Amino acid sequence: MKPANPQPPEADALARYRARRDAERTSEPFGGSGPRRPGLFVVHKHSATRLHYDLRLEHDGVLLSWAVPKGPSPDPDEKRFAVHVEDHPVEYADFEGVIPADNYGAGPSIVWDRGYWVNLPGEKHGLEHGKLLFDLYGHKLKGRWTLVRTRAPGAREWLLIKKPDAFARKGEAQKLPETSIYSGLEVHELPDLPARRESLRAELEARRLPRARVDPRTVELMLAETADAPFSRPGWLFELKYDGFRMVAAREDGKATLRYRRGNEVSRTFPELAVAVKALAYDCVLDGELVVLDERGLPSFGRLQQRTQLEREADIARMQVTHPATLFAFDLLSLEGYDLRGLPLRERKALLRRVLPEVGPIRYVEHFEERGREMYEEVRKLGLEGVMGKRADAPYKGGRRPDWLKVKGEYTGEFAVVGYTLPKGSRTGLGALDLAARDGERWIYVGSVGTGFTDRLLQGLRARLEPEAIPKPVFVGTPTPGRKHVWVNPSLVVEVAFGDWTADGMLRHPKLVRLREDKAPEECRLQDAPGHPDSREPPAVPEPAPAVAPAARADARTFTVTHPEKVFWPEDGYTKGDLVAYYRAISPWLLPWLKDRPLVLTRYPDGIRGKSFFQKDAPAFVPDWIRRQRIWSESVERDVDYFLCDDEESVAYLANLGTILLHVWASRVQTPQAPDWASIDLDPKGAPFAHVVQVARKIREICEAIDLPTVVKTSGSTGLHVLIPLGARCTHAEARGLAELISRVVASTLPDIATLERVIAERGGRVYLDYLQNGYGKVLVAPYSVRPLPGAPVSMPLSWREVTEKNGPKAFNIKNAVRRAEKWKADPLLAALGPAPDFGKVLARLGDELQRLMR
DNA sequence: GATGTCG
DNA sequence: CGACATCAACGCCAG
DNA sequence: CTGGCG
């Protein structure tokens, strides 16, 4: 355990930070004021647009981390009390499973302890909400979770905490936890719905409203006219204008429908909304804007479009989680069978607010009175589309009405002209200008502008551009296809007004404002472009190679071994340098096994006693010269950039990353569905190695009887791996079937020493035949791979003659393996990469042989 | 081991 | 500056 | 359905 109060760092920056932090503390709503005592604190922080919460365990101003277990605790389960505090005790409850609570219109939420339901507060209804749903519903709700709240005075915030691995897993305390915290959860008491519904009905009855069905299929929506400029006006309400699709959501006889403006039904596309509408407590017809929020919590038109295009159930299910939709409801047309359209807007909205739950994917659109201009200013700063002004006493009438006015903003930016398209029809001069902006040394294509020109300007532009139309400028991005583009070197700058940026980084609704003679094209920097998402990835399609190759961008396949003296094997004194040296030296024999195969690394950055982790996806920082293969992973629904390794330098690089163990796919990237071998892993787990040898020989005997070749290697740990070459001529399923068949035969022929039993206790000291590591994406410990075990053993190919008790698991290691390999004419295992056996012959013999064996 | 993020 | 988190995954089968 | 297994 580290000291509770380490040396104060010298750095000014840190001192300043602490001063600032201490100043902030006094204003914390939680935990009170005055000197801090050790304990659990929920720290609030205000940023520009929202509240953040953080849970920390501190002592004397020093962050200890909330997750570090405090002091010895005999009972591993007890450790969760590590977040116990003296002055602010916590309540907690492990919650059991998740009940998708369609109830109360909250959409998905957690119902806990039957007395509360939980959802994220509105501010968080962006990606974080999506992530929560993803974790809860999608995939990850496997660990233990705890719902915690402090009992600090006035506290009502709760936290959902994923219990760290160290708590969940016994006996692995040295592995530090990975955690997930969802903070700032709102916990609500369940309302007494029936009573509420009753009183609302009585109220509606008393108002003598017309009882008439408002048909969501045919209802004519009220539309806004466009205001010339932002305005403030008494008697008017101002709402945010959301960038999405207009949507009519209806609940009729308990059934939900979602429709776009033209009446097409889309409940299937947005199931999370349909569920929420269905779960409303009242039959009603809502009018609103369908949006998908991005991670900043701002509407993202691009994301919405992505969702609208989905057809497949699985895609929808995924996007529902990654890009959850939100319906911002701003009007209520009908309620419990009453037509409300004759009511003034203000009253409709008051009813709407009562009908909608406070949280969940259907959100009530708040409004401000009168002060539209100020609101507009603020809204634009936040990057939103604009505001809607509405007359507070106006009834709801279909069609475009002056009672609703939209005030839309526009961005203006300067862009360099990198080309133009030829005019069509009666157009003179040119069709549109292709625009780009500068990102570092590159030009990024941002789309084309084809409107806003005067005829005179059109002519003039053409004259100025044509003479320079010589080489195609180099830029990144994809110009609109289907038009003939004439490329010019950037020399001209235009000012363009545009609505927004599209998801792929193009200008939306651009129009030309004027020429900017005073500006150099190089000054048009992408990051200065208004509204441009800072972190946006540029489109990855590089246009043709630069005319002048950048000064021999030395494709230097080198790196420096970091910390070569770091001890990786404390018992043996072997260092990281030894590891890298071994992998370099063995690479002539290792590389044939790695070539073209996706790798899975097990990395031990701090040696075999330190923490470790698997890695499939090559991080962005690995140098270009490390080969990677992008492979779609169905299970995680994303691409994974697998490491591939064809040369010594790459192996060494991986070793320098702390990679001790290398696993390879049985198939190569060229034929990912066709394995080159089937494998059977002989795992003794306590059984004598002599039995492993016996079982291995039996496998070989059976395979030979049916004309199947076999090769064998030590696993490097305790057992042997037997491989059957398949030459990429069959499927993974067939390979597994073969391995299973042979395993079963062996297990039944040698019942005293071999078993297929997976539960260790049931194996009774027999050798476990594991045929399950055959399949797509399944991996095998690579031959010559080092093991993170004392003595640094390696997985070593053997000839069948060498399969004896003497060549046990510990016989080969990083110090003797190279010497051994050097004596070979050829790697005895290499046959596994050879041609396929004659499957016809194999099958022919199989039947007979099985009968003989089973007799 | 390398990186990003947060305070 | 320092502390953290992150870096995989899936079918099988017993209880 | 969860948990252990590799």
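**Exercise 1.** Show why helix 13 and helix 14 count as oblique to each other, and list the residues that make their contact.

*Solution.* The coordinates are a predicted model, in which local features need pLDDT of at least 70 and side-chain atom pairs count only at pLDDT 80 or more, while totals for chains, interfaces and linings use all residues. Residues are numbered from 1 along each chain as its sequence is written, chains are lettered from A and ligands numbered from 1 in written order, and side-chain values use heavy atoms, without hydrogens and water.

Step 1. Locate the elements: helix 13 spans residues 689-705 and helix 14 spans residues 732-749. Helices (H or I, at least four residues) and strands (E, at least two) are DSSP runs numbered from the N terminus.

Step 2. Take the geometry. Two packed helices are described by the angle between their axes and the distance between the axes. For helix 13 and helix 14 the angle is about 120° and the axes are 10 Å apart. Axes are lines fitted to C-alpha atoms over the stretch in contact, with angles from 0 to 180 degrees between N-to-C directions.

Step 3. Classify. Under 35 degrees is roughly parallel, over 145 roughly antiparallel, 65 to 115 roughly perpendicular and the rest oblique. Helix 13 is therefore oblique to helix 14.

Step 4. List the contact (heavy atoms within 4.5 Å). Helix 13 supplies Val695, Lys698, Ile699, Ile702 and Cys703, and helix 14 supplies Ile742, Val745, Val746 and Thr749.

**Exercise 2.** Repeat the analysis for helix 11 and helix 12: at what angle do their axes cross?

*Solution.* Step 1. Helix 11 covers residues 576-594 and helix 12 covers residues 648-656.

Step 2. Their axes cross at roughly 135° and come within 8 Å. That places helix 11 oblique to helix 12.

Step 3. On the side of helix 11, the contact is made by Lys576, Leu579, Val580, Tyr583, Arg584, Ser587, Leu590, Leu591 and Leu594. Helix 12 contributes Glu648, Glu649, Val651, Ala652, Ala655 and Asn656.

**Exercise 3.** How many aromatic pairs does a search of the whole structure find? Classify the pair Phe245 and Tyr260, then the pair Phe568 and Trp569.

*Solution.* Step 1. The search finds 16 aromatic pairs. Rings of Phe, Tyr and Trp (its six-membered ring) pair if their centres lie within 6.5 Å; planes under 30 degrees apart are stacked, over 60 edge-to-face and the rest tilted.

Step 2. Phe245 and Tyr260 have ring centres 5.3 Å apart and planes at 90°, so this pair is edge-to-face. Phe245 belongs to strand 12 (residues 245-252) and Tyr260 to strand 13 (residues 255-260), so the pair ties together parts 15 residues apart in sequence. Tyr260 is buried at 16% relative accessibility; buried means under 20% relative accessible area, exposed over 50%, partly exposed in between (1.4 Å probe, protein chains only).

Step 3. Phe568 and Trp569 lie 6.4 Å centre to centre with 45° between the planes, which is a tilted pair. Both Phe568 and Trp569 are buried.

Step 4. Pairs can join into groups. Phe231, Trp236 and Phe238 make up one aromatic cluster.

**Exercise 4.** Is Glu336 buried or exposed, and what is its phi? Do the same for Glu370.

*Solution.* Step 1. Most residues other than glycine have a negative phi.

Step 2. Glu336, not a glycine, has a positive phi of about 50°. Its place is the loop between strand 15 (325-335) and strand 16 (338-339). With a relative accessible area of 12%, Glu336 is buried.

Step 3. Glu370 has a positive phi of about 65°. It sits in the loop between strand 18 (367-369) and helix 9 (372-381). Its relative accessibility is 38%, so Glu370 counts as partly exposed.

**Exercise 5.** Which residues does Arg401 touch, leaving out those up to four places away in sequence? Put the answer in the context of chain A.

*Solution.* Step 1. Arg401 is part of strand 20 (residues 399-408) and is partly exposed, at 30% relative accessible area.

Step 2. With that exclusion, Arg401 touches Met222, Leu223, Ala224 and Glu225. Arg401 and Glu225 are 176 residues apart in sequence, yet 6.1 Å apart in space, C-alpha to C-alpha.

Step 3. Take a second pair. Ala229 and Tyr376 are 147 residues apart in sequence and 9.8 Å apart, C-alpha to C-alpha. Ala229 is in the loop between strand 10 (222-226) and strand 11 (236-241) and is partly exposed at 39%.

Step 4. Turn to the chain. Among contacts in chain A between residues at least 6 apart in sequence, 69% join residues at least 24 apart. Chain A has 17 helices and 42 strands, and 51% of its 855 residues count as buried.
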